[in-house]
Amino acid sequence: MSGSDSEKQTKGATEGKVEEKAAVEVVEKMIPVYIMGKRYEVPEGLTIMKAMEYAGFKFIRGCGCRGGICGACATVYRKPGDYHLYVGLACQTVVEPNMYLAQIPFYPANRASYNFDELKPEPEEIFKLYPEVFRCVACNTCTKVCPMNVEVMDVIAAIKRGDIAKAAALSFDCIQCGLCASRCMGELPQYHIAQLARRLYGSKIAPRAEHLSDAVTAIEEGKFNKMLQELMRLGIEDLKILYQARELEPEMTGEDWQPADKSHLVE
Amino acid sequence: MRISYYPGCTLKTKSKNLEDSALASMAALGVELVELQRWNCCGTVYSLADDDLVHHLAPLRNLIRAKEEGNSKVVTLCAFCYNTLQRANLLVRNDPEKRKTINSFMDEEEDYEGEVEVVHLLQVLRDDVGWEKLYEQIKLPLKGLKLAPYYGCTLLRPEEAAIDHVEQPTILLELLQTLGAEVVDFPAAAKCCGSYQIVSNPEFVVDCASNILSSALRCGAEVLVTSCPLCDFNLSQMQGELAHRDSEFREMPILYFTQLLALSLGLGPEACRFDLNYIDPRPLLKSKGLLNEKHVTAAKG
Amino acid sequence: MITISSKKRRSEFAEKLKEIGGESMSLCYQCGQCSATCPMSFAMDIPPRQIIHLVQLGLEQEIATSKTMWVCASCFECSARCPRGVDIAKIMEVLRLMTLRKSIDHVKLSDIPQDRLAELPQIALVSCLRKLTA
């Protein structure tokens, strides 16, 4: 991951391109980006993550899912002549000329210790574990720095007024990257607080899916055993025939559609 | 009539009685309080330092929300919220330099220049409903109930934000008399309850509460009427300690003015949410004949 | 022993104080209305009137060791009653900020027991943290 290697690599890459040009008509445009304060030329169209690897950096640990959901590659960057602080996920964001990049792999944030089973589905439980939530001044810096466009300030506002359900809904897209906590004036760990709200909501507040528990009960009671055993006795040709002949739910139909053969429905 | 309404955090949890009784009674008076669709904590206190701007963002954001929803006025119930929103609004109206800096920082919001008016529900009752019209709607006059109107700090100070005369306010007196009660004025009506010191130095809040409650008791009050969740909490919580110190101390229920309003409009005790009051007022109200079934059904009939 | 000097009156402390909101202190003529009306003066080691005098003289040390500004409840009675228009409540806040802005908290959240955190209404916690923490 040293700087001197990258210059050689970039040069090598350009030379390689000159050869390739004969074989492939595509000309790759190179644009400058700044990684760790140093200037590198990278091909246009790469994501930040690929561009960094192109420049010679190697991600050897914790570099994530590369699919935009784990939050490990949160990147902060600036553009020349612009005071605004931009954010994006390195694995998803495409490079732009003169991006000034910085990775935030981890930011220390207070994570309360609790026994989840003992918690009641009440806002006071969150107030007890994260009393710093009351230090929020609604500056909105957290929302501005969120790479997933979560309205972080509104999540905290909902928690302050005891609305766990709203906080859970608003923070659904959170990928726990920690950028909000890194910029927070009040030193709140918003992503940990929001996670507790989501856990309380999902586990203790959200209504139970009754049809799901009914289905599980039916299975446990053996309602489908006979049917399954019959299917298991059939040979592959008979299975194919049955499969082709199965009744399909029509594409555009109402919720009350029922199949002709109701023997395998859960009542 | 519809007025945009800013609740404040505490009214959604521990002081739900203030919100519920207000919404119910205003609806009965033909005024719909429409909660802002999106709002955040106002910050509770107004920042006093001249160079501090960031603490004004919280209250101003709520006023921007009111503006975005097309409202020219927003009403609050919590006296603390009222004071903070009002003073932030006045700052933006009167200081062009700070207004410019704040608007430029909040680049994700539309510019705000103080277009929205901030009012407290007492002002709405006095100015938009009117005491005479209110009087006509009273189904259950609060006869025989001796009420002490307690203003606390934030409704009257500083003068620029006051809803009434700073030294001799009458707005609560006028309201409570309209409701048919006997109003007991007492010297400590605008004395501080101890405010946030309940967290840091609760032992001093005992003295503040003692001063206010004993003053009201000596003047013959049976109930203290307030508009602030913090005053409610401080003055209620301390009564246990006061009774412990002084054998002659008599417990005094603290009620929000909206609860008394709802009761006198004949909406019944459920609408008043007495279940959430720290000191249950129902035994006292029952002894005054204000919770009789007869009154409730007559009112609803 | 307290040393009063023009050097202290024009010190950095005095200048900063005036800059962020303490300028009205020069109007004070020590009548004592503020101390008389303050609901928390019983708990203060140095009453408000004396604090303003110390502020006028730029006596940073004597003020710093006092409990007064931390016991103040920001009720504004002092400022409302002052016959000269001195904003004592604002000066108290500025004095608090001179310490708080050095990242020195007066109240520590970790000192508040959990069941107290559950019992206190949000309004109490938010206002306490705003006034007494950095």
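Trainee: What percentage of the 134 residues of chain C count as buried?

Mentor: Keep in mind that this is a predicted model. Burial is about crowding: a residue counts as buried if 20 or more other C-beta atoms lie within 10 Å of its own. In chain C, 43% of the 134 residues count as buried.

Trainee: And how many helices and strands does chain C have?

Mentor: Ten helices and zero strands. Reading from the N terminus, the elements of chain C go α-α-α-α-α-α-α-α-α-α.

Trainee: Why does the radius of gyration of chain C agree with a compact globule?

Mentor: The trick is to compare with what the chain length predicts. A compact globule of 134 residues would come out near 14 Å, and chain C has 16 Å, so the two agree. You can also picture a box along the principal axes: the C-alpha atoms of chain C fill roughly 50 × 30 × 30 Å.

Trainee: How do I read contacts within the chain?

Mentor: Look at how far apart the partners are in sequence. Taking contacts in chain C with a separation of 6 or more, 71% of them join residues 24 or more positions apart.

Trainee: Now the neighbour. How many residues of chain C are in contact with chain B?

Mentor: There are 33 from chain C, and they meet 35 residues of chain B. On the chain C side, α2 (12-22), α7 (77-81), α8 (88-100) and α10 (122-132) each supply at least two residues. The largest share, ten residues, comes from α10(C).

Trainee: Which classes of residue make up that side of chain C?

Mentor: The side touching chain B has 23 nonpolar residues, along with five polar and five charged ones.

Technical notes
Residues are numbered from 1 along each chain as its sequence is written. Chains are lettered from A and ligands numbered from 1 in the order in which they are written. This is a predicted model: local features need pLDDT of at least 70, side-chain atom pairs count only at pLDDT 80 or more; totals for chains, interfaces and linings use all residues. Two residues are in contact if their C-beta atoms, placed from the backbone, lie within 7 Å. Helices (H or I, at least four residues) and strands (E, at least two) are DSSP runs, numbered from the N terminus. Ala, Val, Leu, Ile, Met, Phe, Trp, Tyr, Cys and Pro count as nonpolar, Asp, Glu, Lys and Arg as charged, and the others, Gly among them, as polar. The radius of gyration is taken over C-alpha atoms; the globule rule is 2.2 Å times the number of residues to the power 0.38. A residue is buried if 20 or more other C-beta atoms lie within 10 Å of its own, exposed if 12 or fewer, and partly exposed in between; C-beta atoms are placed from the backbone.
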